[in-house]
Amino acid sequence: MRPIVSHLHLPNKTTYTYNTMIKTHLSNSKSIPALEIFITMKRNGVTCDNYTYPMVLKACKMIRGLCEGKQVHGEIVKLGFFDSDGFVRNGLIGMYCKCRQMSCSRALFDCFHEKDLVSWNLMVSGYVECGDIVEAQKVFDEMPERDVVSWTIMIDGYGKKIGDVSRARLLFDKMHKRDVVTWNIMIDSYTKVGDMVAARDLFDRMQHKSLTTWSIVINGYSQHQNPKEALNVFSLMLSYDIMPDKFCVVGAISSCAQLGALDQGRWIHMYIKKKKITLDVVVNTALMDMYMKCGSTEEARAVFSGMSEKNVVSWNVMISGLGANGFADESLTYFSQMERERIQVDDLVYVSVLSACSHGGFVTKGLEIFRRIRNPKVEHYGCLIDLLVRAGRLEQALSFIASMPMEANKDLWGSVLLGCRVQRNVSLGEFVLNKLKEVGGDDCGVYVLMSNIYAANGMWEEVMKMRKILVEKGVVKESGKSVIEVVDGGVVEFVCGQQLQNRKEDMERVLWSLSNMVDLE
DNA sequence: ATAGGGTTAG
């Protein structure tokens, strides 16, 4: 039987239709189309109700559209929704918070009486987002009641936003009821400051992990130079039959890139395709970078050309990767193509393209590109200096340094010192060494380089002085190491000068892998 | 109202 409902209680049919359309767009994070529907709605004279406005405000919030938000605010006040509806009021506060207009949020917040928990939480998170933890704490203290969300926002504020993890942990320990998000934010606070031990401790103690939890830990290890552990956690995840999502695979792929683990990277690529994990720009770019770092330019090119969406980062990976792999001219071709397609070139891309010129010995081209950089940063000068020094144009490099609008940094002087080594220029080398001392960049490598310059000129007494400084400083040159991927997907590391007696098994793994690579025809 | 990802010279 059809329910009998009085027509008076039915919502305005047209309004309802439009609201549904707006809702659909919002749930697909399409804020602009949602706002367009709102505009059409008004143009057609359709009534907007207290379901329309919170959604529209959410759309304004998503695009940080302060102007649009203010207009909607005006309408709301005129129609009287502000006084009657809590969702509308909270929508306005949230919109102003996202637009970093805390004084507006505050004024609204203060002027109405029935504040609910959401209103309070909005204010706390607003101040946290704006970096004003002091004000956030004040509001938090004034709250008549707090829930998990309130506490979690404060942990986020102390831990992730300002890096005060001990303060965040204090709050975390004080809470009697925590949810997954609380744990994730606490763990992420530790990874952000690089304390992977504390992060791992919480991770291991956590009862119900979400995909976000795994992603935080995998990416944390990957971003803090522990790609091996990142891959260990990734395989642990797979061994529990948990299906990773696009966030988790990115950390794993980037770890393969750092390790040069090509086969493992390929395996993950296959796995992603097989399990239909979303291949968005970021995942694809990570894959390209992995192939590039592993020296497989063909596979990187294949991923790049198959990408439906590309951004600056993808182009940059292509340009820097080709340059690093010795395809300087092709790298430049991609750079011009990028410019032709009118993709905004950023600082990093200029660094990549200049270094490609440097590798390819394209001095004139490099100089030409450098002149096109509108506000060259010290890194760009560094690339330029490197380019000139490698081409043997030491004097020109020095005059560029003199013309720089900023102070030269240690990397830059390091490039010049390298040039001195090539040209066996002692006096300039000594000058540069002093500069390096001034900027605090006289690390062990610099003294090794300087001693090489002296040695190249047969100045053995000076060489001994450099050696003495090295010993006095207690600096130890970081050992060279080889990281070899073996057939079972693992990685074996050999450090230069290390004892090999106990490494029989590892050596056998490498030999076994090598024998498997031999093409048996 | 609170949570996760990719790129940089030597």
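No disulfides, defined as pairs of cysteine sulfur atoms within 2.5 Å, were found in a search of the whole structure, the count being 0. The structure is a predicted model, in which local features require pLDDT of at least 70, side-chain atom pairs count only at pLDDT 80 or more, and totals for chains, interfaces and linings use all residues. Residues are numbered from 1 along each chain as its sequence is written, chains are lettered from A and ligands numbered from 1 in the order in which they are written, and side-chain values use heavy atoms, with hydrogens and water left out.

For Cys48, the closest cysteine sulfur is that of Cys60, at 12 Å, which is too far for a bond. Cys48 is buried, at 7% relative accessibility (buried denotes under 20% relative accessible area, exposed over 50% and partly exposed in between, with a 1.4 Å probe and protein chains only). The sulfur of Cys294 is likewise too far for a bond, lying 7.2 Å from its closest cysteine sulfur, in Cys256. Cys294 is also buried, its relative accessible area being 18%.

DNA strand B is surrounded by 43 residues, of which Asn121, Asp245, His359, Arg390 and Asp411 are the closest (a residue is near a strand if one of its heavy atoms lies within 4 Å of it). Of the atoms of DNA strand B that come within 4 Å of the protein, 49% belong to sugar and phosphate. The surface near the strand comprises 16 nonpolar, 14 polar and 13 charged residues, where Ala, Val, Leu, Ile, Met, Phe, Trp, Tyr, Cys and Pro count as nonpolar, Asp, Glu, Lys and Arg as charged, and the others, Gly among them, as polar. A side-chain N or O atom of Gln223 lies 2.8 Å from a phosphate oxygen of DNA strand B, and a polar side-chain atom of Arg390 is 3.1 Å from a phosphate oxygen. A base nitrogen of the strand, by contrast, is 3.0 Å from an N or O atom in the side chain of Asn311.

Ile155 is located in helix α10 (residues 148-161); helices are DSSP runs of H or I with at least four residues, and strands are runs of E with at least two, numbered from the N terminus. The relative accessible area of Ile155 is 0%, and the residue is therefore buried. With residues up to four places away in sequence not counted, Ile155 touches Lys160, Ala168, Leu171, Phe172, Met175, Thr182, Ile185, Met186 and Ser189 (contact denotes heavy atoms within 4.5 Å).

Notes. Polar contact = N/O pair within 3.5 Å; in protein donor to acceptor, adjacent residues only side chain to side chain.
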